[in-house]
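Here is a short set of exercises to work through at your own pace. Keep the viewer open, try each task yourself, and then compare notes with the solution.

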Amino acid sequence: MVREWDPRTASSAEIASLLATLNAVLAADLPQDPPWREASLREYLAEVMPGERRISWIAQAEPTDPGDPGAVLGQVHVLLLGDIGVLEVLVHPSARRTGLGRDLVLRAARRVYQEGFRSIGVEVVGDTPAVGFYESLGFTREYVETRSVLDLTAVDWAELAEMATGIGAGYQLEFFPGGPPDDLIEAYARAKAEVRDVDDGELRPSSYDPERLRDSLDTLHRRGMKPYIVLARHEQSGEVAGLTEVVVPAQHPTRADQYDTIVAQDHRGYGIDRAIKARMLLELRSAEPELIEVQTWNAQANEAMLKVNAELGYRPDRDWCEYSVDVAELVHRLDPPR
Ligand SMILES: CC(C)(COP(=O)(O)OP(=O)(O)OC[C@H]1O[C@@H](n2cnc3c(N)ncnc32)[C@H](O)[C@@H]1OP(=O)(O)O)[C@@H](O)C(=O)NCCC(=O)NCCS
């Protein structure tokens, strides 16, 4: 049975069953990824940026006993933002190839269409069943990034400490657990607006104005995701010359996510990229003792950033693709008029 589902009011048993399905999916498709935990999972699924909406459905097995809610076999949600619906679908490995994935996509697609959105985007992990699935539904590949993973147990910390100080004269590095302090938000947003040389996927838009940046930090915190920031400040002008952001999610605190890394145009060529990332790793080592890996996503054309990441010890892991489809075409394909 498939039904619309609201994580805010869902029972704890449903949240726990969804977590079990998510972990079964990870074990089948991405066995090297750490399993997720229940910590803040409800908030992770429920909280969104102001102006955005996430709508979810779940597929539940028939209950075996009267008190049993029925295991969650699949889930779909769509995040409505800007002019696009961003889709995520999960089907338990034991329930695959029965048409459930297609059914879940149809539920979401119909709603996205009714809400007047034109296209649907989705992140698809390379070398998993999702590639064949979305291609069979008519989605086309827009963009490919590489996910790389750094194993902190293999890091040479002395070398990293050297990298963190290997920066041109006139810059100072500062570490901010929790995000930039309020008096730095304007300068921080300016640096982000100036350069969009990001480490991040296009389906996770960056925040370029101060208000949106505040909202985005607030949303991260509400979703149980803790941001850490290292800034390079140009001492003479006080400008934010570079910044790097890492987020440690309560749901998988042993593996952190690298978000944006930006070096402003005028401040390139002074070793800022490498130094801020190295400093970040050194700080995380004491701030997050559970952490053992960091993952990052890079455009394959971004050679400069890939080179720095390789020096830090990141190893390429998977292709991470963005696919999209025209909503009307998708609905027509899945639910042809009779
Ligand atoms: C992708 C996914 C949703 C597909 O679910 P599903 O219920 O098995 O899909 P369906 O049964 O509706 O399949 C519909 C069509 O998609 C295509 N398809 C599905 N799985 C496929 C595969 N492994 N290889 C090739 N094509 C596939 C087929 O054309 C299939 O039709 P058919 O079975 O009649 O041949 C499921 O594999 C899944 O949950 N994957 C994980 C997705 C994810 O987000 N992971 C993130 C962490 S890895």
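The exercises below concern a predicted model, and each task is followed by a worked solution.

**Exercise 1. The annotated domain**

Task: Find the residues that UniProt lists for "domain: N-acetyltransferase", and describe the span.

Solution: Start with the record. The unreviewed UniProt entry gives residues 13–162 for this domain. Next, look at the ends of residues 13–162: their C-alpha atoms are 49 Å apart. Finally, check the secondary structure of that span, which is 35% helix and 30% strand.

**Exercise 2. Around the ligand**

Task: Work out which residues come nearest to the ligand, and which backbone atoms lie by its oxygen atoms.

Solution: Begin with the shell, which holds 18 residues; Val91, Arg97, Gly99, Gly101 and Arg102 come nearest. Then go through the backbone atoms one at a time:

- Val91 has a backbone N or O atom 2.7 Å from an oxygen atom of the ligand.
- For Arg102, the distance from a polar backbone atom to a ligand oxygen is 2.9 Å.
- For Thr98, a polar backbone atom is 3.2 Å from a ligand oxygen.

Now turn to surface area. The ligand on its own exposes 940 Å², and the protein buries 76% of that. Which elements give two or more residues to the shell? They are α1 (12–29), β4 (84–91), α3 (100–114) and α4 (129–136). The largest share comes from α4, with five residues. To finish, sort the shell by character: nine residues are nonpolar, five polar and four charged.

**Exercise 3. Two loop residues with positive phi**

Task: Locate Arg97 and Asp127, and decide whether each is buried or exposed.

Solution: Take Arg97 first. Arg97 sits in the loop between β4 and α3, and its phi is near 60°, a positive value in a residue other than glycine. With a relative accessibility of 86%, Arg97 counts as exposed, since the cut-off for exposed is over 50%. Now repeat the steps for Asp127. Asp127 belongs to the loop between β5 (119–125) and α4. Its phi is positive too, at about 65°, although Asp127 is not a glycine. At 74% relative accessibility, Asp127 counts as exposed.

**Exercise 4. Helices with two faces**

Task: For helices α9 and α10, list the buried residues and say how they are arranged around the axis.

Solution: In α9 (residues 303–312), the buried residues are Met305, Val308, Asn309 and Leu312. These residues are on the same side of α9 because they cover an arc of only 100° around the axis. The face turned away from them carries the exposed residues Glu303 and Lys307.

Next comes α10 (residues 327–334), where Val327, Leu330, Val331 and Leu334 are buried. Their arc is only 95°, so they lie on the same side of α10. Glu329 and Arg333 are exposed on the other side of α10.

**Exercise 5. Polar residues in strands**

Task: Place Gln75 and Ser324 in their strands, and find a partner for each.

Solution: Gln75 is part of strand β3 (residues 72–81). Because its relative accessibility is 3%, Gln75 counts as buried. Its side chain makes a polar contact of 3.3 Å with the side chain of His77.

Ser324 belongs to strand β12 (residues 315–326), and at 17% relative accessibility Ser324 counts as buried. Its C-alpha atom is 6.3 Å from that of Val122, although the two residues are 202 residues apart along the chain.

Definitions and conventions: Residues are numbered from 1 along each chain as its sequence is written. This is a predicted model: local features need pLDDT of at least 70, side-chain atom pairs count only at pLDDT 80 or more; totals for chains, interfaces and linings use all residues. Side-chain values use heavy atoms; hydrogens and water are left out. UniProt positions are given in the numbering used here, feature names are shortened, and annotations may be inferred rather than shown by experiment. Helices (H or I, at least four residues) and strands (E, at least two) are DSSP runs, numbered from the N terminus. A residue is near a molecule or strand if one of its heavy atoms lies within 4 Å of it. A polar contact is a pair of N or O atoms within 3.5 Å; within protein, one must be able to donate a hydrogen and the other to accept it, and residues adjacent in sequence count only if both atoms are side-chain atoms. Accessible areas come from the Shrake-Rupley method with a 1.4 Å probe; for residues, only the protein chains shown count as cover. Ala, Val, Leu, Ile, Met, Phe, Trp, Tyr, Cys and Pro count as nonpolar, Asp, Glu, Lys and Arg as charged, and the others, Gly among them, as polar. Buried means under 20% relative accessible area, exposed over 50%, partly exposed in between (1.4 Å probe, protein chains only). The arc is that of the directions from the helix axis to the C-beta atoms.
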